[in-house]
Amino acid sequence: MNIGLFYGSSTCYTEMAAEKIRDIIGPELVTLHNLKDDALTLMEQYDVLILGIPTWDFGEIQEDWEAIWDQLDTLNLSGKIIAMYGMGDQLGYGEWFLDALGMLHDKLVPKGVTFIGYWPTEGYEFTSKKPIIADGELFVGLALDETNQYDLSDDRLQTWCEQILGEMAEQFS
Ligand SMILES: Cc1cc2nc3c(=O)[nH]c(=O)nc-3n(C[C@H](O)[C@H](O)[C@H](O)COP(=O)(O)O)c2cc1C
């Protein structure tokens, strides 16, 4: 099993989370790709993708994701297992909290992928609708908020990595 972690990050928070995920799961399994530097087509080489996306400017996709957004349509991702995490600020931008995470999920649904890593909304305060499913009980990926809940992030990352490793094992069994 090989895992590609692709992320965009304007002020390094999503990048730091990417490094932590790699260190938790193990650098022998996870290769990091900053979308600013690496070709998007590399996604096709992996069995499992972890995608990190922050939301910017009142519900907008981060700029490096924006730059490759249309190219995502041309990739063959059929059969890939995908776990996503989003970075945002639930108190400053609660109306748009993690909107980009939801937009990426919606973009990938028609591509024949299997999602893992959905995450409970309990413990967050926000009103946005885009990043949630199951009547609001789940985010479509791990929700991180380094602005208001930075002290919870390490535990959330650890728990989520264990969760997705279990879900990957189920997919490959
Ligand atoms: C001008 C500005 C606009 C933002 N807009 C949103 C937003 O609409 N939704 C959200 O959840 N977070 C928003 N944020 C918070 C960022 O997503 C957060 O700072 C995140 O950690 C940035 O990640 P990055 O450093 O990887 O780019 C905004 C932050 C700034 C400074």
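Strands β3 and β5 pair in the parallel sense over 7 bridges. The model is predicted. Within this pairing, P54 has M87 of β5 as its bridge partner.

Strand β5 spans residues 81–87 and is mostly covered. Of its 7 residues, 7 are buried. Their side chains split between two directions. I81, A83, Y85 and M87 point one way from the strand. I82, M84 and G86 point the other way. Residues of both sets are buried.

Two further strands pair with β5. One is β6, residues 114–116, which joins β5 in the parallel sense over 3 bridges. Here A83 is matched with I116 of β6 as its bridge partner. The chain passes from β5 to β6 through helix α3, residues 99–108. This β-α-β crossover is right-handed. The other is β10, residues 142–144, which runs parallel to β5 and is joined to it by 3 bridges. In β10, A143 is the bridge partner of G86.

The ligand is surrounded by 23 residues. The closest are S9, T11, T14, P54 and G88. P54 thus appears in two settings: it is among the residues closest to the ligand, and its bridge partner in β5 is M87. Helix α1 (13–25) and strand β3 (48–56) each supply at least two residues of the shell. The largest share, 3 residues, comes from β3. By residue class, the shell divides into 10 nonpolar, 9 polar and 4 charged residues. Strand β3 therefore links the two parts of this description, as it contributes to the shell around the ligand and pairs with the buried strand β5.

How values were computed: Residues are numbered from 1 along each chain as its sequence is written. This is a predicted model: local features need pLDDT of at least 70, side-chain atom pairs count only at pLDDT 80 or more; totals for chains, interfaces and linings use all residues. A residue is near a molecule or strand if its C-beta atom, placed from the backbone, lies within 6 Å of it. Helices (H or I, at least four residues) and strands (E, at least two) are DSSP runs, numbered from the N terminus. Ala, Val, Leu, Ile, Met, Phe, Trp, Tyr, Cys and Pro count as nonpolar, Asp, Glu, Lys and Arg as charged, and the others, Gly among them, as polar. A residue is buried if 20 or more other C-beta atoms lie within 10 Å of its own, exposed if 12 or fewer, and partly exposed in between; C-beta atoms are placed from the backbone. Two strands pair if DSSP finds at least two bridges between them. A crossover is right-handed if, with the strands pointing away from the viewer, the path from the first strand over the helix to the second runs clockwise.
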